[in-house]
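Please find below a colleague's note on this model, set out as numbered points. The points begin with contacts between chains and then turn to individual chains.

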Amino acid sequence: MKRLKAEFTNSLQSKNLQTIKPETRKREFRVNMLRMMIKTFVKFALVAGIFFLHVPSYAAAPELPKDIKWLTNDSDPVFASQEAKRGGTLHAAVMSFPMTFRVVGPDSNGSFRSAILDNHLSLIGIHPNTLNIIPELATYWAFGKDKKTMYFRLNKMARWSDGTPVTAGDFAYSLEFMRSKHIVAPWYNDYYTREIDRVIVFDDYTLAVVATKAEPDLYLKLGIAPTPAHYYGKLDDNFVRKYNWEIVPNTGPYQMSEFVKGKHIIFRRKNDWWGDELKYFKNRFNVEKVIFTVVRDMNMIWEYFKKGKEDEFGLTIPEYWHVKSKTPVIENGYVHKIWFFNDTQQSAMGLWLNQDREIFKDINVRYAFAHAMNVERVIEKVLRNDYFRLEHGFVGYGKYSNESIRARRFDLEKVGYYMRRAGWDRGADGIWGKNGNRFSVEVTYGSEAHTQRLVVLKEEAKKAGVELRLQNLDSTAAFKKFLEKKHDVAWMGWSTSFRPQFWEHFHSANAHKPQTNNITNTDDPEMDKLIDAYRNSLEEEERIKLSVEIQAKIHELGVFVPTFMVPYVRHAYWRWWRFPEIPGTKHSASLFDPFGSMAGGLFWFDEKIYHETKEAMKKGEKLRPVTIINETYKMKSITMKIE
Amino acid sequence: MIIMRLNPLTIKKIKRFKSIRRGFYSFLLLVLMILSSFFAEMLVNSRALIVFYNGNYYFPVYESMNPGVKFGLDYDYETNYRQLQKRFKEEAKGNWVILPPVPYNPYENDLREDRFPPFPPSFAEKHYLGTDNVGRDILARLVYGFRIAIIFSLLLLLFDYGIGISLGSAMGYFGGKFDLFFQRIIEIWSNVPFLYVIIIISSIVVPSFFTLILIMAFFGWIGMTWTIRTVTYKEKAREYVLAARALGASNSRIIFRHIIPNTISVIVTYAPFAVSGGIVALTSLDYLGFGLAPPTPSWGELLQQGWIHMDSWWIGSSVIGAMTITLVTVTFVGEAVREAFDPKMYSTYE
Amino acid sequence: MSEYLLEVNNLKMYFPVYGGIFRRQTGKVHAVDGLSLKIKKGETVGLVGESGCGKTTVGRAVLRLYNLSGGEVFFEGDNISGMTQGELRLLRRNMQMIFQDPFESLDARQTIGEIIEEPFIIHKIGTAKTRRDEIEKLLSRVGLSGSAVTRFPHEFSGGQRQRIGIARAIALKPKLVVCDEPVSALDVSIQSQILNLLLDLQSEMNLTYLFIAHDLSVVKHISDNIAVMYLGKIVEYTDADSVYKNPLHPYTQALISAIPVPDPSERKQKIVLHGDVPSPLSPPPGCRFHTRCPFAFGRCRSEEPELKPAPGTRDEEHLVACHLVNSGK
Amino acid sequence: MNKDAILRVENLVTSFDTEAGRIRAVDDVSFEVRKGEVLGIVGESGCGKSVTALSVMRLLPQPSGRIESGRIMFSGTNIADLPAERMHEIRGNRISMIFQEPMTALNPVHRIGDQIGEVFRLRYQGMNEKEISEGSVEMLRKVGISDPKKRVEEYPHQISGGMRQRVMIAMALACKPDILIADEPTTALDVTIQAQILELMNQLQAETGMAIIFITHALGVIAETSDRVLVMYAGKVAETGPVDKIFNKPLHPYTKGLLLSIPRLEGERKKKLHVINGMVPALHELPTGCRFRNRCPNAMPVCGTVHPPVSIVEDEHLVNCYLYV
C-alpha cells in the first residue's frame with residue numbers, strides 16, 4: 001500500500017512532506033493526509049477536570065445555541081460488499097521498521113505512521129465517492145452561523161480500545177495535547193494554536209470545534225480526532241521517550257497486538273468493535289490479522305510475494321505489470337491481476353519553468369519549450385502507455401478542474417514558429433541560439449528512477465533544437481534548490497490537496513523569494529486578482545468558476561509543462577482475496593489498504609478459494625489466469641486506450 | 001629525467017614483464033582497449049564515417065551537426081544516418097553512406113514501434129549487446145563508459161600520486177615534527193567516511209567529471225602518501241643517501257635525484273591496482289547514483305539497470321563481463337608488474 | 001696552522017631513544033662518549049673495535065654528518081663542530097668518505113658516470129666536458145675501464161663497486177678520507193686489491209685516512225697509529241706495530257687472541273671473553289670493559305680509567321685506559 | 001672412498017633459472033663427510049658453497065632452483081630425489097642447519113623456549129609439555145646461555161646476536177642430528193663473540209660426535225675448526241685435503257693466491273699485498289676450461305680446453321689443476 005502511494009505521487013513529493021518546513025507543508029496536504037492529521041489532533045482529549053482550568057471554554061459553562069440544525073448522512077450509497085466475510089490474515093511488507101510508534105514528536109513522520117493513524121478515527125469522515133460528510137465518531141454535526149464553528153454529537157457507542165467511552169473531553173484534550181511543549185512537535189503546536197481556536201464541551205457527548213477564522217470547506221479542518229486523556233494523563237518532559245514504543249488506545253477497527261523490532265508488526269481486529277454496524281463501516285475491515293513484515297528490498301518483496309509469503313504486490317510500475325508479472329504463479333492463475341482506475345486529485349507532475357531565468361522571460365520561448373517536450377513518446381516508449389498525459393496541474397478536483405485544457409504537444413513546427421518569433425535561430429550544432437546564448441537549460445530532478453524518462457525527453461528535445469542538461473540530485477537537495485529558485489527547469493510533482501491551491505504556487509506574493517512554492521516565479525497582476533478572489537470567496541459556485549479561470553490562465557502563461565498522471569492502482573494478489581463488485585472507490589489509493597477509514601478494508605479473505613487454490617497448487621493444476629480491469633471511475637479526460 | 005632513461009635494470013624488468021605472458025598479453029589487450037576507446041567516435045557512433053551525396057563527400061564524425069535537410073531529408077535536426085543509408089540504397093542514385101561498425105551513439109534512444117526496451121542483442125539491428133531500458137546501445141555505452149572510467153582513473157592516479165609522492169617523501173625525509181603533524185592529519189583524514197562525504201557532496205551539487213576527481217583525490221592521496229613515506233624512511237636510512245650527504249648534496253637534490261627515483265618501483269607497482277581501484281570506485285558511485293550526472297555513459301548506471309532488469313540478462317551480463325575483463329586484465333598487469341619488479345617474493349621453498 | 005689535519009676533542013654522540021605513546025625520549029645511546037683523536041696530514045689512523053662500539057659514529061661525526069652532542073672537531077685548525085650543514089657543504093670537498101657496503105652506498109638508479117659526476121655537480125666544478133675527462137681519469141685510476149660510465153652499479157661486482165665508491169670519494173681531491181670498513185664486505189681475493197689501491201692513492205695524493213674496521217689485521221696493515229675502541233671510548237692508542245707486539249689493554253689482548261689465524265698448526269689457546277658487549281644505552285659504571293675483563297678488580301667497577309700514557313712509554317706514544325696497566329701492576 | 005662417510009655427495013649439479021638463462025651454481029661437485037669430522041667448505045661469494053649446503057638440505061628456492069643431476073647419499077639413501085614429505089623427516093632431524101643471520105632464522109613473534117620446544121614437539125611426539133620445557137632449558141644451558149630459565153621466556157629481539165646464534169645452535173642440536181651444516185655461522189658476529197661460538201661448536205662436536213659441514217669464506221676460521229677442507233671456486237671444487245695440507249702446502253694456484261692475499265697481523269705494514277688479479281667470473285659468463293684460468297698466474301694453453309680432472313697428489317689431497325696432471 002505504501003509502495004503504491006509512493007509511485008502514485010512520486011518519490012520526490014512524498015519526501016517533501018517529510019522535509020519541507022511546516023509552513024510550506026501545511027498547504028499541501030493530500031486529502032488523506034489532512035484527515036490523518038485531523039484525527040491525530042482530535043485524538044487526544046481530556047482527563048476530566050484536571051485541565052478544565054486551562055481551557056477557558058469550560059469555565060464559562062457553555063450552552064448550545066438554540067437554532068442549531070443537526071445534520072447526518074445515512075443516505076449515500078455504501079461501497080462495501082455484503083458478501084464480505086470476516087477472517088484471514090493479510091501479509092504485507094514494509095521496507096523499514098518505524099523509528100517510533102508515536103505519531104507526534106521526533107522521528108514520528110515515517111511512512112508507517114499512517115497505519116497507526118488510520119486506526120484513530122475522527123469526528124467525521126468523507127464519503128470516497130460522493131465526497132459528502134459521513135459519520136465517524138460523531139453521528140450528528142452542525143455548522144455555526146459564524147462560519148467558524150462546527151457542532152458535533154458523539155456516537156455514544158464509541159469506545160477506546162481499552163473499553164473507555166470516547167467523550168467530548170477527549171477532543172478538548174486533543175487541543176491541550178497538541179499545544180503542549182512536551183510532545184516536541186512545533187508544527188502541531190503552531191497549527192493547533194493558529195488554526196483551531198478552541199473546543200467547547202457542552203456535555204460528555206456534545207461539543208463544538210471553533211476555527212480561528214472563517215473559511216471555505218470548514219469541515220475539512222474541524223473534524224478533529226480525539227486523544228485518550230485517561231491514558232496520557234498529565235504530560236511531562238518524558239513524553240518523547242516514554243511513548244516511543246507504547247501502544248496507545250485507539251478508536252478504529254484494529255489495534256497493534258505484538259511486534260518484534262526490526263522484524264514485524266502485527267495488528268489484530270477488535271472483537272466487538274463499536275463501529276462494526278455503522279452504515280459506512282459495515283462489511284469492511286474484514287481480515288482478522290494484518291502482519292507487516294520488514295523486507296528492505298523491493299526485489300525481495302516481489303520474490304516473497306511469488307512464494308506466497310505476501311498476499312499482494314503493487315504492480316503500478318509498468319515493468320512489473322508487463323514484464324515481471326509473466327511468471328508462473330500468475331500464468332497458472334494462482335495470482336490474479338487487477339487494474340483499477342480511480343478518480344482522485346492528480347499530482348501536478350511536470351516541468352516547472354523558472355521565469356526569473358532570462359531565457360524563460362519570453363513567453364514564446366516557454367511555449368516553444370513546451371512543444372519541444374515529447375512527453376507522449378516517453379509515455380509510449382518508456383512507460384509502456386501505462387501512464388497518462390497530464391493535461392494540466394489540477395486534474396481530479398471534480399468541478400474545480402478545468403477539463404478543457406489540453407497540454408501543449410510535441411510539435412517541431414510550433415517550436416520553430418515560436419522560436420523564430422522570439423528572434424532565435426538554429427545554430428551549427430542544431431540548437432537554437434540568440435546573441436551567443438544557446439537554448440540549453442538545466443533540468444533538475446530528484447529521483448534516479450526518472451532518469452530513464454528524462455533521457456528520452458532530452459534526445460527528443462535535441463531534435464527540436466533544445467538542449468536539456470540533466471541534473472539528478474538527492475530529492476531533498478533538489479527540492480531545496482527549487483524552493484530557493486535556483487533551477488532553470490524543475491522536474492517535480494506537487495502533492496495534492498482536497499481543493500486546488502493556487503496562492504502558494506502562482507501568486508506574486510510568493511514570487512522571487514526563497515522558501516516559497518511559487519517555483520515558476522509567476523508574477524502576474526491579473527493572476528493575483530483571480531487568486532485573491534478565489535481565496536476570499538466562501539461561495540462554492542464562485543470558487544469553482546474562479547478555479548477554472550485560474551487554470552486557464554496558468555496554461556496561457558506556459559510556465560508549467562504537465563507530464564504524467566497515474567489515475568489508477570494495480571495489484572497482483574493471490575486469488576483467495578476478493579473485492580466488492582466495484583473493487584474500490586473513486587479515491588482508493590490502494591485496494592489492499594487494510595485500515596483506511598475513508599476507503600480501506602473493502603477486500604476479504606475467502607477460505608474456500610484458499611483451500612481450493614492450495615489444492616490446485618499442490619497438484620500442479622493450472623487455473624484460469626485472471627486480469628481484472630475496472631474502469632468504473634476512469635476519468636473522462638483520459639483519451640488513451642487500454643489494452 | 002633519470003627515470004625515463006632506460007636503465008638496464010629497467011630494461012631487465014621490462015623483459016621480465018614481457019616474459020610473464022599472462023600479464024603481458026593482458027597489458028596488450030588493455031592498451032588496445034584504451035587506444036580504441038580513444039578513437040571510439042570512429043568505431044561506435046551514430047554519425048556516419050563518410051557520406052557521399054550528390055558528388056560531395058562529408059565526414060560527419062568530426063564535423064558539427066548536419067541537419068537532415070542537407071541530405072535532402074525533411075527535417076532540421078541531426079540526420080539519422082542509418083535511415084539515410086537505407087534511403088540512399090533504395091534510391092540507388094549513386095549516393096552512399098559508410099557507418100561505423102556500431103552505428104549508435106551512447107545517448108540516442110533507438111526505440112521501436114511495436115516493442116519496449118530493453119531489447120535483446122541483435123546482429124540484424126547492430127545492437128550487438130542489446131539495448132538498455134531506454135533503447136540505448138549497450139556496447140556504445142560500455143565503450144564510452146570505459147573511456148570515461150579509464151581517463152578518470154588515470155587522472156585520479158595522477159592527482160593521488162602527485163600529492164602522495166611529494167608529501168610522502170617530504171614526510172619520510174624530514175621526519176620529526178613535520179612528519180608527526182601530517183601523520184595526525186592523515187589519521188584524522190582517514191577516519192572521515194569518504195563514501196558519505198561523496199554522497200553528501202553529490203546530493204548537493206551534481207559532481208562534474210573534474211569535481212568528482214577532486215573529491216576522490218581529496219581522500220585518495222592518503223594511501224600513496226603513507227606508502228611513499230614508509231619507503232622514503234627506508235631509503236633515507238640507506239647508505240647511498242648518506243653518501244650523497246657526505247658529498248654535500250642538498251636536501252632537494254637528495255629527494256629528487258636519489259630517493260624518488262629509488263621509490264619508482266613501488267610507485268609503478270601500485271599503479272595498475274590504483275587504476276582498477278579508480279574504475280571500481282567510479283562504477284560503484286555511479287551504481288549508487290552518486291557519480292557522474294546522467295546521461296553520461298557509465299558502467300555503474302548499467303550495472304544498476306542490470307540489477308533492476310534482471311530478466312534482461314544482456315544488460316547485467318554485458319557490464320559484468322566488461323568489468324571482469326577490464327579488472328582481470330588490470331590485475332594481471334599489476335601482478336606481472338609486481339613480479340617483474342620484485343621476483344624474489346615469488347620464490348618458495350618446498 | 002696546526003700540525004694536525006684533524007683534531008677531535010672530547011667528542012660525544014648520544015642518540016635519543018623514543019618510546020611510549022607520546023614518543024617521549026626514554027633514554028639515549030651513548031654511541032661515542034668523550035673521545036679525543038688527532039690525525040696528522042698524510043697519516044693513517046686506524047679505529048678498531050667490535051660492532052656497536054661507536055667507531056662508525058666517530059667517522060660520521062668527524063665529517064659532521066651528525067650534529068654533535070658534545071666536544072669539538074677541528075679540521076685544518078677550523079672548528080667545524082658548530083657549523084651548519086650549509087656552511088659545511090663547502091668543506092665537504094676536502095673531507096670524503098668511503099663506505100662499507102659497496103651495494104648500498106651507490107644509488108642503483110644512477111649510472112657510474114652520474115655517480116662520479118655528482119660531486120662535481122654539487123660543488124659546481126668544471127663543465128660537462130671537463131667533467132667527462134675527469135671521470136674517465138678517475139675510473140682508470142681506480143682500475144676500471146671507461147666503458148663503465150654508462151653502466152649501472154648492479155652490473156659490477158662488489159670489488160668494482162668499491163672502486164667506484166673510491167673514485168667518487170677522491171674525485172675532488174679531498175684532504176681527509178674516512179674509510180668506514182671499506183673492505184669488510186669484500187671477498188678475500190678482492191680485499192687485497194682494494195687495500196693496495198688505498199695505499200697507492202694515499203701516497204700519490206697525500207691523503208689522510210681515518211680507517212675504521214673491525215678486523216685488526218687489516219687495520220694494522222694499513223695504519224700508522226691505531227685506536228682500539230670499546231663501548232664509545234678509546235681504550236688503547238698506539239702505533240700500529242705496538243698494538244700487535246705489545247698490547248697493553250686486556251681488551252686489545254683478547255681481540256688479538258680471538259683473531260682466527262689461517263694456520264692450522266697455530267691452534268693456540270685463546271683468551272675467550274665471556275658475555276656480550278653491554279648495551280650502549282646503559283654503559284656499565286667504572287671501566288666499561290669490567291663486565292668481561294678477566295682481570296677486573298674493585299676499582300674497575302667504580303672508577304672510570306683515564307686514557308693516559310702507559311708507564312714505561314714516552315709521552316703520547318702509547319696511551320691506555322686501564323687501572324691495571326696504569327697502576328703499573 | 002672412506003667407509004666412515006655418512007654423507008657422500010657425488011657429481012652434484014645444481015642449477016638456477018635466471019634472466020641470463022639457466023646457470024649452474026654447483027657444477028659436478030663431489031665430496032664426503034665422515035663421522036665426527038668437521039669438513040670446511042671455503043670459497044668466495046658465488047663459489048657455490050652455500051648452494052651446496054642448500055642442495056643437501058633440499059632447500060633450494062622454488063621454482064628457480066633445482067638439482068639437475070648427481071647423488072646425495074645419506075645413510076644409504078639418495079636424498080637428492082627423495083619426495084618432499086620424506087625429506088621433512090630427515091631435514092632438521094638428522095641433518096640440521098644453522099645460518100649466517102640468526103635474527104632472520106628465528107621467528108620474531110615466538111618465545112625462544114617455544115621455538116626450541118617446537119623442535120622437540122616435531123621430533124619426539126611422545127614428550128609432554130613439562131619434558132619439552134625442561135628439554136628447552138637444558139639445551140640452552142648446553143650452548144652456554146646463562147640463566148636459561150629466564151631466557152626461554154624471552155623473544156629473539158631481546159637477546160644479542162651471539163646469544164641468538166647460540167639459540168640457533170641449540171635448536172639445531174635439539175634433535176641430535178648426524179650432521180650439522182653451519183653456513184657462515186660466525187660471519188655476522190664480532191671477533192670476540194666468534195671466538196666464543198667457535199669454541200662452543202668445537203666443544204659440542206667433541207661431546208656429541210656429530211659431523212659438521214662448516215661453510216665460510218674466512219680462511220682463518222677454517223684453519224681453526226676443520227679437519228678437512230674443500231676449496232671451491234666458481235661452482236667447482238678447486239682443491240680438497242686435510243687442513244694442514246691445504247694451509248701449509250696449498251697446490252691450486254687459487255688456494256695459494258688466497259692464502260697469500262690475506263693481511264697478517266705479523267706481516268709488514270703498508271707492504272703491497274699479494275693480489276689475485278681480476279675477479280670471480282659471473283656464473284653466466286664462465287670461461288671455457290678451467291674457471292680460474294683468467295686470473296691464474298700459471299695458466300697454460302691446456303687450461304682453456306676442458307675443466308681439469310681430479311689429481312690425487314698425496315693421500316687424500318686432491319686438486320683440480322693441470323699443473324698436477
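1. The model is a predicted one. The interface of chain B and chain C contains three salt bridges by the rule applied. One salt bridge joins B:R238 to C:E104, and its closest N and O atoms are 2.8 Å apart.

2. The wider contact of these two chains draws on 25 residues from chain B and 29 residues from chain C. Together, chain B and chain C bury about 2600 Å², with 52% of that area on carbon and sulfur atoms. On the chain B side, the residues that lose the most area to chain C are B:E239, B:A246 and B:L247, which together account for 26% of what that side buries.

3. The contact of chain C with chain D involves 47 residues of chain C and 47 residues of chain D. About 4100 Å² is buried between chain C and chain D, and carbon and sulfur atoms carry 56% of it. Across this interface of chain C and chain D, the rule identifies four salt bridges. A salt bridge links the side chains of D:K272 and C:D200, with an N to O distance of 3.1 Å.

4. Within chain B, the residue B:V280 deserves a separate remark. Helix α10 of chain B, spanning residues 251-288, includes B:V280. Is B:V280 buried or partly exposed? B:V280 counts as partly exposed because its relative accessibility is 34%, and the buried class ends under 20%. The C-alpha atom of B:V280 lies 8.8 Å from that of B:A149, although the two residues are 131 residues apart along the chain.

5. For chain D, the overall content is as follows. Chain D has 11 helices and 13 strands. Of its 325 residues, 57% are buried. Among contacts in chain D with a separation of 6 or more, 64% are between residues 24 or more positions apart. The area exposed by chain D is about 13600 Å², of which carbon and sulfur atoms supply 51%.

6. The corresponding values for chain A can be set beside these. Chain A comprises 23 helices and 26 strands. Its 643 residues include 63% that are buried. Residues 24 or more positions apart make 76% of the chain A contacts that have a separation of 6 or more. Chain A exposes about 24900 Å², and 51% of this comes from carbon and sulfur atoms.

7. One sheet of chain A merits closer inspection. Which strands form this open sheet, and in what order? Four strands of chain A build it in the order β11-β23-β12-β26, with mixed pairing. At its edges are β11 (312-314) and β26 (627-630) of chain A, each of which pairs on one side only. Neighbouring strands of the sheet are turned by 20° against each other on average, with direction ignored.

8. The pairing at the β11 edge can be described in more detail. In chain A, β11 and β23 (residues 568-574) pair in the antiparallel sense over three bridges. Within this part of the sheet, A:E312 stands opposite A:Y573 of β23(A). Helix α12 of chain A (residues 298-306) packs on the sheet and touches β11, β12 (335-341) and β23 of chain A. The direction of helix α12 makes about 145° with that of β11(A).

Methods: Residues numbered from 1 in each chain as written. Chains lettered and ligands numbered in written order. Predicted model: local features only at pLDDT ≥ 70, side-chain atom pairs only at ≥ 80, totals over all residues. Heavy atoms only, no water. Pairing = 2+ DSSP bridges. Helix = DSSP H or I, 4+ residues; strand = E, 2+ residues; numbered from the N terminus. Axes fitted to C-alpha atoms, helices over the stretch in contact; angles between N-to-C directions. Contact = heavy atoms within 4.5 Å. Buried < 20%, exposed > 50% of the residue type's maximum accessible area, 1.4 Å probe, protein only. Areas by Shrake-Rupley, 256 points an atom, 1.4 Å probe, with all protein chains shown as cover. Buried area = accessible area lost by both parts, 1.4 Å probe.
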